[in-house]
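Colleague: Could you take a close look at one helix-helix contact for me, and then at the aromatic side chains? Plain description is enough.

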Amino acid sequence: MLNFLKHGRVAGAMLGAALLAGAASATELRYAHVGAEGDIQTVYAAQAAEGIAAATGGEVTVTVYPASQLGGVAEMVDGVRMGSISMGHHDFASLARLVPEVAVFNAPFIYRDGAHALAATDPQSSPALQAINEKLIAQGVRIVGRIYRGDRHISSNFPVKTPADLAGKPFRAVPLELWVSMVKGFGAIPTPVEVAELPTALMTGVVVGQENPLTMIASNNLNEVQSHLSMTGHMRAVLAVFINEEVWQGLSEEQRTALTKVLDEEAQKSLKMATESEADLVKELKGRGMTVITEAEGLDVAAFREKVGAQIRQDFPNFAPLIEQIEAVK
């Protein structure tokens, strides 16, 4: 009996040591983003973290820091590049500080629909993205996934039906060159505002309008500071999920495969969520008091497409061949 207990204690100690060793060898990824609670991107990150841990048997764990907890967009991109943040997600254009042409994947009016947007931004199969990804990798960042958030629309404190309605007015631009160009195409004065500061900027009149997916407008309660919603659908909102290259190289081949599989599955879920929720969100925002303007109410989407397209072509002439590649994706 004493021998049994002795051997049991030794076996228990060995098992405990093995478990501790396994825990010590586990890789923890710090995942940052600026999305608010309730947004599709926040749901995506939480589910991806859970899925990655399950798919790797706990060898890779992910701690998510939402709502700009680790800084704004620029701080997050720099953090991932330097390795202080393992991974994050934001608009493709947020990486343009490293490789300017990556912003093309956020260009307005280039995707036929959400499924086309996901196909054209698949890091496993999109020729245009794979070529740009090689340049990003040389800068220490690798795109490993994407998120679909839905179409972006304009909200304002007055009816907006044509670019002329925004002429000379301060309008929020995501603090990225592509957005500044697009807002110029809207006819407005681009005014960079970080997302965390947006409700205050709208309330105080620093800007009179902004554009975002419906999920973001609803989750941030922008209906409290905006009266009108113009359904321009000017941009299919697709975000890049990116990781520090050294962190990526530190994962085993099996872990990388598991991670990318989870991210792709979550991308497809995000498309389904965004597509199915749009009608409900329009109804919800109407119920909160917003006036919704569609083409039936006189919204001239064609005018926005023409003006914005001309501005993008002027400001980003090197986008032309990349846009052709994107449009060719089936």
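Modeller: What follows covers one helix pair and then the aromatic rings. Please keep in mind that this is a predicted model.

The pair is α6, residues 177–186, and α11, residues 301–315. Their axes come within 8 Å and cross at roughly 135 degrees. Angles over 145 degrees would count as roughly antiparallel and 65 to 115 as roughly perpendicular, and α6 and α11 are therefore oblique to each other. The crossing of α6 past α11 is right-handed. On the α6 side, the contact is made by Leu178, Ser181, Met182, Lys184, Gly185 and Phe186. These meet Phe304, Lys307, Val308, Gln311, Ile312 and Asp315 of α11. Sorted by class, the contact of α6 with α11 holds six nonpolar, three polar and three charged residues.

Two of the contact residues return among the aromatics: Phe186 and Phe304 form one aromatic cluster together with Phe171.

Across the whole structure, a search finds four aromatic pairs. One of them is Phe92 with Phe105: the ring centres are 5.3 Å apart and the planes stand at 40 degrees, so this pair is tilted. Phe92 and Phe105 both lie in the loop between β3 (87–91) and α4 (114–120), so the pair ties together parts that are 13 residues apart in sequence. Both Phe92 and Phe105 are buried.

Phe316 and Phe319 also pair, with ring centres 4.7 Å apart and planes at 15 degrees, so the pair is stacked. Phe316 and Phe319 are both buried.

Note on methods: Residues are numbered from 1 along each chain as its sequence is written. This is a predicted model: local features need pLDDT of at least 70, side-chain atom pairs count only at pLDDT 80 or more; totals for chains, interfaces and linings use all residues. Side-chain values use heavy atoms; hydrogens and water are left out. Axes are lines fitted to C-alpha atoms, for helices over the stretch in contact, and angles run from 0 to 180 degrees between N-to-C directions. Helices (H or I, at least four residues) and strands (E, at least two) are DSSP runs, numbered from the N terminus. Angles under 35 degrees count as roughly parallel, over 145 as roughly antiparallel, 65 to 115 as roughly perpendicular and the rest as oblique. A crossing is left-handed if the near helix is turned anticlockwise from the far one by less than a right angle, and right-handed if clockwise. Contact means heavy atoms within 4.5 Å. Ala, Val, Leu, Ile, Met, Phe, Trp, Tyr, Cys and Pro count as nonpolar, Asp, Glu, Lys and Arg as charged, and the others, Gly among them, as polar. Rings of Phe, Tyr and Trp (its six-membered ring) pair if their centres lie within 6.5 Å; planes under 30 degrees apart count as stacked, over 60 as edge-to-face and the rest as tilted. Buried means under 20% relative accessible area, exposed over 50%, partly exposed in between (1.4 Å probe, protein chains only).
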